[in-house]
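I opened this structure today and went through it with a few plain look-ups. My notes follow, in the order I made them.

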Amino acid sequence: MTVYQRIKSIFGRELRMYSRRPLFMFCMVVAPVLCVVFFTTLMNKGLPTALPAGIVDEDNTNISRTIVRTIDALEETDMIRSYPSFGEARKAMLRGEIYAFFYIPSGTTEQAIANRQPKISFYTNEAYFVAGSLLMKDLRTASELSGLALTRETLYAKGATEADAMAIIRPITVETHPIGNPTLDYGVYLNNIIVPGIFILLIMLSTSYTIGIEWKYGNQKRLYALAGESSAVALAGKLLPQTILFSLMFIFCDVCFYKILGYPCRSGIWPMIVLGIVTVVASQAFGVFLFGLFTGQMRVAMCLCSLWGILSFSLAGFTYPVMAMSPVLQWLSWLFPLRHYYLIYVNQALNGNPVTYVWASVAAMLCFVLLPFLVLPKYRSAFLKYKYQP
Amino acid sequence: MKSILNILQIWTKELGYIFKDKGILIFILFVPLMYPLLYSYVYTNEVVREVPVVAVDENNSGLSREILRKIDASPDVEIIARCGNMEEAREMIKRQDAYGIVRIPSGFTKELAASRQVPLGVYCDMSSMLYYKAILVTVTNVSLEINKDIKVNHYVSGTTDRQDEINRMPIEYDYVALYNPQSGFAAFLIPPVLMLIIQQTLLLGIGMATGNSRERNHGSVIPFDNRYKNPVHIVIGKALPYFTLYLVLAVYMFTFVSRTFTLPQLGEYRTFIAFVIPFILSCIFLAMVLSSFVYRREDCILLLVFLSVPMLFLSGLSWPSATMPDFWRYISCLFPSTFGMNGYVKISSMGASLNDIRTEYMGLWIQTGVYFILACLFYRRQIVSLIKNIQQPYNPTQNHEYRNNMPQCHQTMANDERRQHMELSSAQAKITASRP
């Protein structure tokens, strides 16, 4: 038999195994699709708007009410209710009703008019990081504005026009240009990495599971014979169906993101599809490598794959930058396929730059693909000698 | 008394199974002990400092240099280079040497002198929100600072220094980041992740034990044993070893991990214990219900590990639950982790009492009750089907659930089964007599 025929027969054997157990279809089709649906619907609002906040207005004058109106008009804040005292507002925050509150002590207006510089304050719940940070931004603007509103009134009284007044109050403005994600959409920012991250996790796990199951059922020698005593042919035939299935999942995900939902993709969809397929092969290769490294101990390999997959969400550096981690971890982050996927994605889809700027990550991805060749001799001895241990 | 004895017998038997199995021990002992340490180590620096940016100073005046100096002096941003034009600066962003550009336009001071508003350009790389936040907050702060100076020096100067200060800031304000004073990442992420680790490792450990017993007992989740005939006893007996172990692990996380990595520790010890009991129980019973889908010991790794990520998001801690679609909010109530993570954050980071987290606490007890009943029903069905299988005459073509799922070792299994069937037939009379 030629190599092609051998791979084909192993391929068919593999498909028959999938058809007998729903678990495989769940991991390779249902779970990825569910993840895409879950994350895109969860974050379909983009940037969270109308986060509930409260106010404690002990002053209750028309100036304090102006402040309340100013805050309510801001995009991310929804002033849901006012509380009679500081303690009440704190309790409401504990119950999770509000993420932040504004506190205007009594006598604020009186002191402001008498030029005695009163103090107002606001509190955000930073235990909820995203909500807290967003509200902090809004409430700070409101606080600045409340002080400036007083100056503006003075300037109007002196006969200044609105443009004059604004040039005096805020001579320098800040003009932001978020490169690549102009709407600051959180969905774009998170989904683009989390969904591929879950895919990589599933790919690595199902790679080590489907290889390990041969030893578990004691069929490894039969597979080896079928492959003409070549570990490379055995592994290629075994993993090819998954390569195809997961590549289809990546294409589905890319089409969903960049075509249907219109996430920014300055490079066009094709580079992202190629990146997806390379990522599938790289993660499979990494799974094969880990399995071979521990000479076919399914349990250890699967535990390591889970650890790697889950840890890659942290070490990819898209939430908390790798730059701010300890040097050991910065070095370690090179060993995670998701890290390189992230860097290439930023370069391609988000910024639309030539791929040469991330050549190191591309090289790293290709190194992952070559990893199995290091452990092929180990596979040979595993096929011939090793037995499954629970 | 008899039932207590029965539960104790099941307990010791299960304890034996667990401690003989290295695979289960990895998940229920090694992961909960080590993972929190590893995770905390990753985020140990808490905040991002000195984000590299490039400055493009087209104005090159005293004021523009002052602005850049102030930006550079801030803790969060560092100006790593000054570029002559935007092209050069963009090149540095492309190479990811810098994550932002601050641009001061050429007519900057001229416009200011003519009393017109002038913009300060900020370009941010959006690969990480924390870079964006650091750069934007810093530049905004500096611009506000300079604005006040311009306002006071040029337009509304007072007669005394104090009056200048009041003119700069007619109303002062104060910002307090409650419960996480430095807005740190570890203090936000690690406490809920601790609870998620408890739930996920329990699901994995119990799922693995169930898969194990199916493999050992030919498709049945309970051994063919006289002691395993009351579903309530089985559920309680099986839950006990996990419960005691996880109570210790939870205390370890609440005390040792929190202290070592200086995570928020406002919580009261008693509140925590009272809260964590229903949390662990509901996780255990949920694990028993879910393990009905597990046929091989390794299956549960495939089924459960990836779910950790969606569960973290369902909890509403990283993505505010106020903006979550209702459908997902209802789904999130099915998992103990949602209540567990929110409750734990409120206890440990915000110092809540049980009364403050009534919703979460009640939710966990309801889940405990519901999943306990479901787990009992599941084991009852298993007992009934086990007895039915035994009472029927042996038939190798009979379509057992497990055989569908284990086609490749059909032959060996069938042989094994035949042998076991011989043993079973002799025990048949006994079990029918002792049937509940």
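I started where the two chains meet: A:I179 stands opposite B:D125 in β4(B). That strand of chain B covers residues 118–125, and β5 (residues 172–179) of chain A runs parallel to β4(B), joined by eight bridges. I count strands as DSSP runs of E with at least two residues, helices as runs of H or I with at least four, numbered from the N terminus; two strands pair if DSSP finds at least two bridges between them.

Before going on, I noted what I was looking at. This is a predicted model, where local features need pLDDT of at least 70 and side-chain atom pairs count only at pLDDT 80 or more, while totals for chains, interfaces and linings use all residues. Residues are numbered from 1 along each chain as its sequence is written, chains are lettered from A and ligands numbered from 1 in the order in which they are written, and side-chain values use heavy atoms, with hydrogens and water left out.

Next, the other neighbour of β4(B). Strand β3 (residues 100–104) of chain B pairs with β4(B) in the antiparallel sense over four bridges, and B:G100 stands opposite B:C124 there. Is β4(B) mostly covered or bare? Seven of its eight residues are buried (under 20% relative accessible area with a 1.4 Å probe, protein chains only; exposed is over 50%, partly exposed in between).

Then I followed an open sheet of five strands, with mixed pairing and the order β2(A)-β1(A)-β3(A)-β4(A)-β5(B). Its edges are β2 (77–82) of chain A and β5 (172–178) of chain B; each has a single partner strand, so one side of each lacks a neighbour in the sheet. Strand β4 (residues 119–125) of chain A pairs with β5(B) in the parallel sense over seven bridges, and A:S121 has B:D174 as its bridge partner. Helix α6 (residues 129–157) of chain A packs on this sheet, touching β1, β2, β3 and β4 of chain A together with β5 of chain B. Contact here means heavy atoms within 4.5 Å.

How many residues take part where the chains touch? I found 119 residues of chain B in contact with 116 of chain A. About 11,100 Å² is buried between the chains, and carbon and sulfur atoms give 66% of that; this is the accessible area (1.4 Å probe) that two parts lose on being put together, summed over both.

Last, the charges. Side chains of opposite charge can pair when their charged atoms come close. My rule for a salt bridge is a side-chain nitrogen of Lys or Arg within 4 Å of a carboxyl oxygen of Asp or Glu. It gives 20 over all chains, and four across the interface of chain B and chain A.

A:K216 caught my eye: its side chain meets B:E215 at 2.7 Å, N to O, and B:E298 at 2.8 Å. Both A:K216 and B:E298 are buried. B:E298 also meets B:R297 at 3.9 Å, and B:R297 counts as buried at 1% relative accessibility. I wrote down the whole network of salt bridges: A:K216, B:D21, B:E215, B:R297 and B:E298.

Within chain A, I looked up A:K238 and A:E214, which meet at 2.8 Å, N to O. A:K238 lies in helix α10 (residues 231–260) and A:E214 in helix α8 (residues 186–216), so the pair ties together parts that are 24 residues apart in sequence.

Notes
Axes fitted to C-alpha atoms, helices over the stretch in contact; angles between N-to-C directions.
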